Amino acid sequence: MEETKSVIKGEFDRSGQYDSGLKSLVKSLQWAFAFLLVVIIGLMVYFVTAGGYFSVEPQNAVIVMQFGKIENTYTSDGHWFLPYPVNRWVKVRTNQQSLRVDFLPAETPDGAPPQALVPGKDSYLITGDANIIHSTWRVTYHVANPAKYYESLATPFDPTSPDTPEKDINGFVGTRGPQTLLRNLFRAAVIEVTSGKTVDSMLYSGRAAYSDAVRNEFARQLAAIDCGVEVDNVTLEQVFPPLKTKSAFDEVAAASNTVDSLRSKAEQYAVQAGNEALAMQTELISSATTYKEMVVSEVKAESIYFQKIYEQYRNDPETVLMTLYTSTLADVLQKQQGKYILGSSGTGSKQVRLLLNHEQKKQQTPAGDAAEEK
């Protein structure tokens, strides 16, 4: 055997025809080994440096899990951990998100008259007084506790992905994910609140209270499952009765609006009439007070004047009487527009004759003047 190897080696050495090929093969293997060594070193460097670094973007949170167990949650800045399989991190959105939930009838062809509701096809709500309504809602929420959100709702590896459709053993196609669960919780809250209210309060007078009650019920359900989600706002975009009965509800609403308008006008008139009455009362009281003060002032002035005359009368009665008589007569004659005569009777007493009633001359018409001329 050794002789055979030596012979082959000797022949090989003597021929020398494979030397260049072997050298090329060895050189290629050396380059490949060097390349693999560089790659391995680079992977090791990446593993201990950039491979374990992550930066938290705004309105996001990063959950760090070590061997599948949640270690911590970060909402800002950059961090470094040993990469997978030691640590793994999951990004969760914490910004405000929205859901649209509808309880609407199925679409009908354009121009077709409204049809009766079909259970299982049309979506609707039953009120507390056994009526039917449709509604459209807009819900906004945000993730307040990313760790609880991931543990309770975001079961997939990527919780930011949209809900995925799935088919069960009965062939029913649905979706699975956080938004589907939140949407179903909200639908349950709407059904619960609607079943305890009357149709009039939800359609007309109490829409704000209806929306607030749904928001409170939805918040209560979220708190009960402790999923790390908080409600920001719930908006009732529209609510209306079934299309086939909508005209009758519109007539009732129009009549109610007319009543409210008339009542408002009556209240305005009552306020206006009351204000006018108060103003008139104030004016009458002011006039009466002024008149009272004037009468009292005049009576006081006359009382003072009478007291002075009385004192003078006690001292000289005849002179005072003559003075008063002369003054009164002068006032009367001054106001008299007609002629007056002063004279004396046969007995020597003075007489005063006044023309009290004036007879106005009748104006003659031109026709009367002509008749007189004839």
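Is Glu-217 buried or exposed? That residue makes a handy way into this predicted model, so here are my notes, starting there.

1. **Glu-217.** It is buried, at 14% relative accessible area, because the cut-off for that label is under 20%. Glu-217 belongs to helix H6, which covers residues 207–225. Setting aside neighbours up to four places off in sequence, its contacts are Ala-189, Glu-192 and Val-193. Two of those names come back below: Ala-189 and Val-193 are both among the buried residues of H4.

2. **Its salt-bridge partner.** The side chain of Glu-217 pairs with that of Arg-220, with N to O at 2.7 Å. Both residues sit in H6, 3 residues apart, or about one turn of the helix. An α-helix has 3.6 residues a turn, so residues three or four places apart point the same way. The two ends of the bridge get separate labels: Glu-217 counts as buried at 14%, whereas Arg-220 is partly exposed at 48%.

3. **Helix H4.** This helix runs over residues 178–194, which makes 17 residues. From first C-alpha to last it reaches 24 Å, close to the 24 Å expected at 1.5 Å a residue. Its buried residues are Pro-178, Thr-180, Leu-182, Leu-185, Phe-186, Ala-189, Val-190, Val-193 and Thr-194. Have a look at Phe-186 in particular, for the next point.

4. **The cores.** The largest nonpolar core has 36 residues, and the members touching the most others are Trp-137, Phe-186 and Tyr-210. H4 is the top contributor to this core, with 6 residues. Another core, of 5 residues, lies apart from it and includes Val-56, Val-62, Val-64 and Tyr-74. As background, nonpolar side chains tend to be buried together in soluble globular proteins.

5. **Phe-186 up close.** What does Phe-186 touch, not counting residues up to four places away in sequence? The list is Val-101, Trp-137, Val-139, Val-214, Phe-218 and Val-234. Trp-137 is worth picking out here, as it is also one of the three residues that touch the most other core members.

6. **Salt bridges between strands.** There are 7 salt bridges in the structure. One joins the side chains of Glu-237 and Arg-138, at 3.6 Å from N to O. It links distant parts of the chain: Glu-237 is in strand S11 (residues 229–240) and Arg-138 in strand S8 (residues 132–143), 99 residues apart. Glu-237 is partly exposed at 38% relative accessibility, and Arg-138 is partly exposed at 28%. The pair also belongs to a network of salt bridges that links Arg-100, Asp-102, Arg-138 and Glu-237.

7. **Lys-148 and Asp-226.** Here is another bridge to check on screen, with N to O at 3.2 Å. Lys-148 lies in helix H3 (residues 146–152) and Asp-226 in the loop between H6 and S11, so the bridge ties together parts 78 residues apart in sequence. Lys-148 counts as partly exposed at 31% relative accessibility; Asp-226 also counts as partly exposed, at 42%.

8. **Gln-238.** This residue is found in strand S11 and is partly exposed, at 34% relative accessibility. Its C-alpha is 5.3 Å from that of Thr-136, although the two are 102 residues apart along the chain. Leaving out residues up to four places away, Gln-238 touches Leu-104, His-134, Ser-135, Thr-136 and Arg-207.

9. **A nonpolar patch on the surface.** Phe-35, Leu-36, Val-39, Ile-40, Leu-43 and Met-44 make up this patch, with about 620 Å² of accessible area together. Val-39 is found in helix H2 (residues 19–48). At 34% relative accessible area, Val-39 is partly exposed.

10. **The chain overall.** The protein chain has 9 helices and 13 strands. Buried residues are 22% of its 374 residues. Among contacts with a separation of 6 or more, 63% are between residues 24 or more positions apart. The chain exposes about 27,600 Å², of which carbon and sulfur atoms supply 57%.

Definitions and conventions. Residues are numbered from 1 along each chain as its sequence is written. This is a predicted model: local features need pLDDT of at least 70, side-chain atom pairs count only at pLDDT 80 or more; totals for chains, interfaces and linings use all residues. Side-chain values use heavy atoms; hydrogens and water are left out. Helices (H or I, at least four residues) and strands (E, at least two) are DSSP runs, numbered from the N terminus. Buried means under 20% relative accessible area, exposed over 50%, partly exposed in between (1.4 Å probe, protein chains only). Contact means heavy atoms within 4.5 Å. The expected span of a helix is 1.5 Å times one less than its number of residues. A nonpolar core is a set of buried Ala, Val, Leu, Ile, Met, Phe, Trp, Tyr and Cys residues joined through side-chain atoms within 4.5 Å. A salt bridge is a side-chain nitrogen of Lys or Arg within 4 Å of a carboxyl oxygen of Asp or Glu. Patches are made of residues with over 30% relative accessible area and no salt bridge: like charges are joined within 9 Å, nonpolar side chains (Val, Leu, Ile, Met, Phe, Trp, Tyr) within 5 Å. Accessible areas come from the Shrake-Rupley method with a 1.4 Å probe; for residues, only the protein chains shown count as cover.
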